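Let's take a walk through this structure together. Keep the view open as you read, and turn it whenever a new residue comes up.

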Amino acid sequence: MSKNENGHAKNIANASLLCSHIADLGAKYNPSNQKLSLANLQSIYSSAFASQEAVNNSVAPYSLAVDHREKTFAPISKKITRLRKMYKVTEGVTQAQLEDFMTIARKLKGMRKVKVVATTDAEEEQKQNSVSQMSYDFRANNYDQLISLLQNTPNYNPNEEEYQVATLQQEKNEMLQATQAVTDAFIPLNSARSLRNETVYNAEDNLIDIFNKAKDYLFTILDSDSPEYKAISKIKFKKA
């Protein structure tokens with residue numbers, strides 16, 4: 001689980017902890033604001049816990065898909081270096097054709113991993129995923145262009161299987177399948193995160209705001225020197 005996901009889980013776990021402290025107070029905890037009632041707090045916690053479980057269940061398939069995509073694309077740079085040499089020794093290849101090869105190769109080797117910034121904004125998260133996905137789609141497209149150049153080069157017919165057009169086409173198909181798998185896994189994960197973020201952070205009566213208000217009420221009915229006050233003061237609810 002990522003550091004950011006741990007932060008969400010901590011907020012939800014702290015909600016459960018605060019509910020337990022409130023339950024121990026019994027009738028002493030009696031806010032006039034019904035949104036701060038123990039029953040409502042427990043309901044918010046239950047919704048948040050369920051939404052986080054849905055995220056947890058979606059994280060593994062997405063992470064595995066991303067890892068597989070990384071593994072699929074990882075050999076490209078070294079493969080292109082060797083492929084350039086094979087192309088260079090092909091009978092009849094001109095300097096202009098070699099330059100065409102290198103133009104595509106530089107695009108393939110020059111891509112950088114997109115940095116993902118933690119956010120609770122669903123649209124921003126979708127945007128970041130789209131940018132990352134586009135970078136891989138771009139590489140697969142450039143690989144396809146490279147294959148087309150080789151296909152249209154007379155005399156390019158290497159004996160080594162790894163450099164043959166059919167092999168390169170299979171690699172391109174594997175790239176496309178890997179990027180699609182990430183897209184397919186991201187959709188349920190993004191939906192689960194959106195629901196979790198709405199419940200915990202973004203809704204009008206979200207967990208963070210309501211539980212912080214409950215703490216404020218508790219501080220009005222507890223002695224600041226009491227064990228209960230000191231214990232509750234250590235329970236934190238933070239915006240992601």
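## A walk along the helices

A good place to begin is Leu-38, which touches Cys-19, Ile-22, Ala-23 and Tyr-29, leaving aside residues up to four places away in sequence. Keep in mind that you are looking at a predicted model. Leu-38 belongs to helix 2. One of its partners can also be placed by backbone distance: the C-alpha atoms of Leu-38 and Ile-22 are separated by 7.1 Å, with their positions 16 residues apart along the chain. Is Leu-38 buried or exposed? Neither label fits, because its relative accessible area is 21% and the buried class ends under 20%; Leu-38 therefore counts as partly exposed.

Now step back to the whole chain. The chain holds eight helices and zero strands, so read from the N terminus the order of elements is simply α-α-α-α-α-α-α-α. Of its 240 residues, 40% count as buried. Among contacts with a separation of 6 or more, 76% join residues that are 24 or more positions apart.

Helix 2 itself deserves a closer look. It covers residues 38-73, and at 1.5 Å a residue its 36 residues should span 52 Å; the C-alpha atoms at its ends are 52 Å apart, which agrees. Along the way there is a kink of about 25° at Val-59, shortly before the proline Pro-61.

Next, move on to helix 6. Before reaching it, pause in the loop between helix 5 (122-151) and helix 6, where you will find Asn-155. What is the phi of Asn-155? It is positive, about 75°, although Asn-155 is not a glycine. For background, most residues other than glycine have a negative phi. Asn-155 is also exposed, because its relative accessible area of 55% is over the 50% cut-off.

Helix 6 runs over residues 165-202. Its 38 residues should span 56 Å at 1.5 Å a residue, and its end C-alpha atoms lie 51 Å apart, which agrees. Where does helix 6 bend? The bend, of about 25°, is at Phe-186, and a proline, Pro-188, follows within four residues.

Two residues of helix 6 show how distant parts of the sequence meet in space. Gln-180 lies in helix 6, and its C-alpha atom is 9.1 Å from that of Ala-65, although the two residues are 115 residues apart in sequence. Ser-194 is in helix 6 as well; here the C-alpha distance is 9.3 Å, to Val-55, which is 139 residues away along the chain. Gln-180 has 42% relative accessibility, so it counts as partly exposed. Ser-194, with a relative accessible area of 25%, is partly exposed too.

Finally, let's turn to the empty space. Rolling a probe the size of a water molecule over the atoms shows where such space is left. The second largest pocket holds about 160 Å³. Of the 14 residues that line this pocket, the closest to its centre are Gly-7, Lys-10, Asn-11, Lys-236 and Lys-238. Which helix gives the largest share of the lining? That is helix 1 (residues 3-25), with six residues. Sorted by class, the lining of the second largest pocket has four nonpolar, five polar and five charged residues.

Terms used
Residues are numbered from 1 along each chain as its sequence is written. This is a predicted model: local features need pLDDT of at least 70, side-chain atom pairs count only at pLDDT 80 or more; totals for chains, interfaces and linings use all residues. Side-chain values use heavy atoms; hydrogens and water are left out. Helices (H or I, at least four residues) and strands (E, at least two) are DSSP runs, numbered from the N terminus. The expected span of a helix is 1.5 Å times one less than its number of residues. The bend at a residue is the angle between axes fitted to the seven residues ending there and the seven starting there. On a 1 Å grid over the protein atoms alone, a cavity is a set of points where a 1.4 Å probe fits but cannot get out, and a pocket is an open set with protein on both sides within 12 Å along at least five of seven lines; lining residues have an atom within 4 Å of a point. Grid points are joined across faces, edges and corners, and a volume is the space filled by probe spheres set on the points. Ala, Val, Leu, Ile, Met, Phe, Trp, Tyr, Cys and Pro count as nonpolar, Asp, Glu, Lys and Arg as charged, and the others, Gly among them, as polar. Buried means under 20% relative accessible area, exposed over 50%, partly exposed in between (1.4 Å probe, protein chains only). Contact means heavy atoms within 4.5 Å.
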